[in-house]
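Colleague: Before I rely on any of the labels attached to this model, I would like to hear the reasoning behind them. Could you take me through it?

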Amino acid sequence: MSELIDEDELLLIPGPTTLSSRVRSVMALPQQSHVSPEFYNSFKELLELSRYVFGNSSGLQFAFTGSGSIGMETAVISLLEPGDSVLCLETGYFGHRFTMMADIHGAKTETLVSPLGSHIDYGTVEAKLKSGKFKALLFTHVDTSTSVMNDIAKLAKLARNAGVLSVCDSVCGIGGAQLEFDSLAIDLVLTGSQKALAAPPGATLIALSKQAYEAMEKRKSPIASYYMNLVRWKPVMDDPKIYLTTPAVQVMLGLREALAQVKEEGIENRWKRHEVLAEAFRAGLEALNLKPVPDRESRAPTVTAFYVPDGRAAEMQETLRSKYALHVARGFGDYKDTMLRVGHFGNISATDILSLLSALELTISGSSMIRPGKAVESARPILQQS
Ligand SMILES: Cc1ncc(COP(=O)(O)O)c(C=O)c1O
């Protein structure tokens with residue numbers, strides 16, 4: 001039998017995250033039929049709750065089985081036709097994944113890549129969009145590989161002013177970082193279930209503007225996918241009694257419960273909680289001389305990547321796990337030895353942040369002259385204010 005994660009172990013990786021006992025309980029119920037009235041009602045509620053969390057009363061709302069990448073690829077395949085020109089913004093690995101998907105499906109991509117740690121340059125985006133050749137703008141809200149956050153409102157507005165469809169991957173944003181679909185001039189926002197929504201992995205959620213849906217209906221070529229096809233999913237969202245494929249029932253029940261908990265907390269309170277915890281965490285990091293990857297204007301309330309000394313990422317990760325039962329992630333690719341990444345989203349509390357800072361302090365204290373307690377001391381005033 002594989003080793004089970006202990007109840008006391010805390011997932012502070014950038015997704016999936018620790019589940020509430022309520023979410024776990026609904027997922028452990030006897031198997032439900034996906035065509036039962038009970039599941040139908042739960043799914044209807046899930047869609048209503050998704051609208052609340054996205055702030056979407058003006059557009060269409062979707063939720064179906066699949067990881068965040070299914071949501072990304074669904075957006076690409078449903079909106080773009082082969083030969084369409086797309087501007088892709090890369091602020092980390094996941095921005096690059098979006099470009100790869102658009103390339104695979106035959107779009108003509110042009111990329112703008114920001115230097116590591118910086119949000120995209122909005123002036124350059126504006127100038128590019130003015131060329132008039134792009135059908136869509138693809139970008140990442142918070143790129144989990146670098147923890148860099150782009151200003152979604154600004155990018156959506158630039159695209160709308162230029163008559164370009166805007167598509168945002170907010171897999172690492174929604175539920176933790178401020179986002180209200182109705183007040184943004186945006187066409188498509190997608191997320192996955194396993195990050196700031198604190199649901200299990202396995203569902204993708206999408207908000208779509210009516211004009212983007214009309215653009216899909218007016219395509220010259222048919223959408224080249226059975227599953228990743230928003231026009232095919234629309235009637236199912238209008239009436240979840242319609243069968244398209246069998247949903248991952250337990251994942252959907254867990255997601256419904258997690259969304260209900262977001263609503264109980266209140267989305268504005270949740271954004272505030274994430275901001276405070278992120279700020280406290282970064283204050284503690286700086287007290288430990290651990291530098292966050294993003295510059296001050298590009299930091300996210302959901303995830304923080306930071307540099308570690310002497311290429312010690314693997315060893316620090318292992319010490320945090322084995323001695324302190326805290327799971328963090330290493331950097332991506334070339335940064336796997338020099339960076340750690342922490343997801344401070346979902347159900348994470350002030351106590352969790354203080355535990356992580358103390359454990360980090362104990363973990364690095366062998367190699368540096370840090371006064372005991374300094375990290376927690378730096379985080380404390382920020383936590384006390386809230
Ligand atoms: C910003 C971002 N986009 C997309 C994805 C892809 O999601 P998934 O791994 O669920 O396919 C991730 C996953 O970590 C992500 O962080």
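Modeller: We can begin with the salt bridges, of which the count comes to 19, and please keep in mind that this is a predicted model.

Colleague: What makes Asp-84 and Lys-135 a salt bridge?

Modeller: The closest N and O atoms of Asp-84 and Lys-135 are 3.1 Å apart, and the rule asks for a side-chain nitrogen of Lys or Arg within 4 Å of a carboxyl oxygen of Asp or Glu, so the pair qualifies. Asp-84 sits in the loop between α3 (68-79) and β3 (85-90), while Lys-135 sits in the loop between α5 (122-129) and β5 (136-140), so the bridge ties together parts that are 51 residues apart in sequence.

Colleague: Why is Asp-84 called buried, and what is Lys-135 called at a relative accessible area of 22%?

Modeller: Buried means under 20% relative accessible area, and exposed means over 50%. Asp-84 has 17% relative accessibility and therefore counts as buried, whereas Lys-135, at 22%, falls between the two limits and is partly exposed.

Colleague: How do you know that Glu-318 and Arg-321 form a salt bridge, and how are they placed in helix α11?

Modeller: Their closest N and O atoms are 3.3 Å apart, which is within the 4 Å limit, so the name applies. Glu-318 and Arg-321 are three residues apart in helix α11 (residues 313-324), and are therefore separated by about one helical turn. Glu-318 has a relative accessible area of 37% and is partly exposed, and Arg-321, at 36%, is also partly exposed.

Colleague: What of Asp-337 and Arg-330: on what distance does that salt bridge rest?

Modeller: The closest N and O atoms of Asp-337 and Arg-330 are 2.8 Å apart, so this pair meets the 4 Å limit. Asp-337 is partly exposed at 32% relative accessibility, and Arg-330 is partly exposed at 24%. Salt bridges can also join into a network, as they do for Arg-22, Glu-45, Arg-256, Glu-257 and Glu-264.

Colleague: Turning to the strands, why are β11 and β13 called edge strands?

Modeller: The open sheet has three strands in the order β11-β14-β13, with antiparallel pairing. Within this sheet β11 (303-307) and β13 (329-330) each pair on one side only, and that makes them the edge strands.

Colleague: How do you know that β11 pairs with β14?

Modeller: Pairing requires at least two bridges, and five bridges join β11 to strand β14 (residues 339-343), so the two strands pair, and they run antiparallel. In this pairing Val-303 stands opposite Gly-343 in β14. Helix α10 (residues 267-287) lies across β11 and β14, running at about 10 degrees to β11.

Colleague: Why is strand β2 described as largely enclosed?

Modeller: Six of the six residues of β2 (residues 60-65) are buried, so the strand is largely enclosed by the rest of the structure. Six bridges join β2 to strand β10 (residues 203-208), which runs antiparallel to it, and Phe-62 stands opposite Ile-206 in β10.

Colleague: Finally, which residues come nearest to the ligand, and what makes the approach of Thr-144 a polar contact?

Modeller: Of the 13 residues around the ligand, Ser-67, Ser-69, Thr-144, Asp-169 and Lys-195 come nearest. A side-chain N or O atom of Thr-144 is 2.3 Å from an oxygen atom of the ligand, and a polar contact is a pair of N or O atoms within 3.5 Å, so the term fits. For Ser-67 the corresponding distance to a ligand oxygen is 2.6 Å, and a polar side-chain atom of Ser-69 likewise lies 2.6 Å from an oxygen atom of the ligand.

Definitions and conventions:
Residues are numbered from 1 along each chain as its sequence is written. This is a predicted model: local features need pLDDT of at least 70, side-chain atom pairs count only at pLDDT 80 or more; totals for chains, interfaces and linings use all residues. Side-chain values use heavy atoms; hydrogens and water are left out. Helices (H or I, at least four residues) and strands (E, at least two) are DSSP runs, numbered from the N terminus. Buried means under 20% relative accessible area, exposed over 50%, partly exposed in between (1.4 Å probe, protein chains only). Contact means heavy atoms within 4.5 Å. Axes are lines fitted to C-alpha atoms, for helices over the stretch in contact, and angles run from 0 to 180 degrees between N-to-C directions. A residue is near a molecule or strand if one of its heavy atoms lies within 4 Å of it. A polar contact is a pair of N or O atoms within 3.5 Å; within protein, one must be able to donate a hydrogen and the other to accept it, and residues adjacent in sequence count only if both atoms are side-chain atoms.
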